[in-house]
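Here is a walk through a two-chain model, one piece at a time. Have the structure open as you read.

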Amino acid sequence: MSQSYNRGLIEDFGRWREFEAGMWAWIFHKFTGWVLIGYLFTHIAVLSTGIPAAGASEAAIAAGNDVYTQTIVSLEGLLLVRILEVGLLAVAVFHMLNGTRLLLTDLGIGLDAQDKSFYASLVLTGAITVASVPTFIAGAF
Amino acid sequence: MAERYSSFQSGGRMWLLQRITAVFLLVVLAFHFFLLHFVHHADEVSFLASSGRMEQLSYYSLMILFLVTATFHGVNGVYNALVNQGLTGTKRTVIKWTLVAASVVLIAQGIRTANAWAGIGLY
């Protein structure tokens, strides 16, 4: 005998206290996905300075006096940009680890350990992000 | 953990493509981060260095494929998230084609940039 339950609207964030690990994983995956696609558009916009830079003289390019090199160097010189890059790494790493978890779940692997693998994704994201801070901040000061 | 949390209808063509692109992106995004932050560093970026990489056909084609798959994966994800939130009817059609147009612009602009670095005249 099957029974149906009215669980209410699942996307009702006012009910966040009732959310289980799977719901948090779903929310974080969606949030990090929005950030990553937003970043992709920004990334291509910034890299597009390579188009006018290609018209610069060979001497200017060799000296790094083209608009692309100058734009990237100025951006990377800002501590805020470096901090945002660490944030981007954290977002990307979580999306990749949780995404791997989802792919495995879809293949029927680790169905009984979904909570544990979600917590492992969070811990590993934190560890990789912290370990990458020195590399991401290098040269910013 | 009996509930299935996903923005996608299980078993669809877009669902499968989302997963195939995910596998590709896992590898290439990790490579991208590693190459451009750990092998080379953010404060060492220059047109000359970007150009040197993009002039190699293997790197150029990998980056174009990366751009196309990332755009598809991201935009398809956004579309499915919106449909999952209850987007229907005319609004759904308008948003779908807006996302398609944004994807075309993004890919075209990315290819123009790659061409500029690679020294290909088409930019």
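## Starting with one leucine in chain A

A:Leu47 sits in helix H1 of chain A, which covers residues 21-47. Is A:Leu47 buried or exposed? Neither label quite fits: A:Leu47 is partly exposed, because 19 other C-beta atoms lie within 10 Å, and a residue needs 20 or more to be called buried. A:Thr71 is 24 residues away along the chain, yet the C-alpha atoms of A:Leu47 and A:Thr71 are separated by 9.0 Å.

Helix H1 of chain A also holds A:Ile27. This residue counts as partly exposed as well, with 15 C-beta neighbours inside 10 Å. A:Ile27 and A:Phe13 are 14 residues apart in sequence, and their C-alpha atoms are 9.6 Å apart in space.

## How far to trust it

Keep in mind that this is a predicted model. For the complex, the predictor gives an ipTM of 0.89 and a pTM of 0.89. Chain B has a mean pLDDT of 91, with 91% of its residues at 70 or more. Among the elements of chain B, the lowest mean pLDDT belongs to H1(B), at 94, and the highest to H4(B), at 97. As a rule of thumb, predicted coordinates should not be read in detail where pLDDT is low.

## Where the two chains meet

How many residues of chain B are in contact with chain A? The count is 36 residues of chain B, touching 41 residues of chain A. On the chain B side, at least two residues each come from helix H1 (13-39), helix H2 (47-54), helix H3 (57-84) and helix H4 (89-118). H1(B) gives the most, with eight residues. Sort the residues on this side of chain B by type and you get 20 nonpolar, 12 polar and four charged.

## The nonpolar cores

The largest nonpolar core has 14 residues, and A:Ala53, A:Tyr68, B:Met54, B:Ala114, B:Trp117 and B:Ala118 have the most contacts inside it. Two or more residues each come from helix H4 (67-76) of chain A and from H2, H3 and H4 of chain B. H4(B) has the largest share, at four residues.

Take a look at A:Ala53, too. Beyond its neighbours within four places in sequence, A:Ala53 is in contact with A:Asp66, A:Val67, A:Tyr68 and, over in the other chain, B:Phe47. There is also a second, separate core of eight residues, which includes A:Ala92, A:Val93, A:Phe94 and A:Met96.

## One side of a helix in chain B

Which residues of H2(B) are buried? They are B:Phe47, B:Ser50 and B:Met54. These three are on the same side of H2(B), because they cover an arc of only 70 degrees around the axis. It helps to recall that an α-helix has 3.6 residues a turn, so residues three or four places apart point the same way.

Both chains help to cover these buried residues: the cover includes helix H2 (50-53), helix H3 (58-63) and H4 of chain A, along with H3 and H4 of chain B.

## Two more residues of chain B

B:Asn115 is in helix H4 of chain B. Its C-alpha atom is 8.1 Å from that of B:Met54, although the two residues are 61 apart in sequence. B:Asn115 is partly exposed, with 19 other C-beta atoms within 10 Å. Outside its neighbours within four places in sequence, B:Asn115 is in contact with B:Ile120, B:Leu122 and B:Tyr123.

B:Leu65, in helix H3 of chain B, is another story. Why does B:Leu65 count as exposed? It has 12 C-beta neighbours inside 10 Å, and a residue with 12 or fewer is called exposed. B:Leu65 and B:Thr88 are 23 residues apart in sequence and 31 Å apart in space, C-alpha to C-alpha.

## What the UniProt record adds

For chain B, an unreviewed UniProt entry lists "transmembrane region" at residues 20-39, 59-82 and 94-111. In the model, residues 20-39 of chain B are 100% helix, with end C-alpha atoms 27 Å apart. Residues 94-111 of chain B are 100% helix too, and their end C-alpha atoms lie 26 Å apart.

For chain A, the unreviewed UniProt entry places this feature at residues 79-97 and 118-140. The span 79-97 of chain A is 100% helix, and its end C-alpha atoms are 27 Å apart. Over residues 118-140, chain A is 87% helix and 0% strand, with 33 Å between the end C-alpha atoms.

Technical notes: Residues are numbered from 1 along each chain as its sequence is written. Chains are lettered from A and ligands numbered from 1 in the order in which they are written. This is a predicted model: local features need pLDDT of at least 70, side-chain atom pairs count only at pLDDT 80 or more; totals for chains, interfaces and linings use all residues. Two residues are in contact if their C-beta atoms, placed from the backbone, lie within 7 Å. Ala, Val, Leu, Ile, Met, Phe, Trp, Tyr, Cys and Pro count as nonpolar, Asp, Glu, Lys and Arg as charged, and the others, Gly among them, as polar. A nonpolar core is a set of buried Ala, Val, Leu, Ile, Met, Phe, Trp, Tyr and Cys residues joined through C-beta atoms within 7 Å. The arc is that of the directions from the helix axis to the C-beta atoms. pLDDT is the predictor's confidence in each residue, from 0 to 100. UniProt positions are given in the numbering used here, feature names are shortened, and annotations may be inferred rather than shown by experiment.
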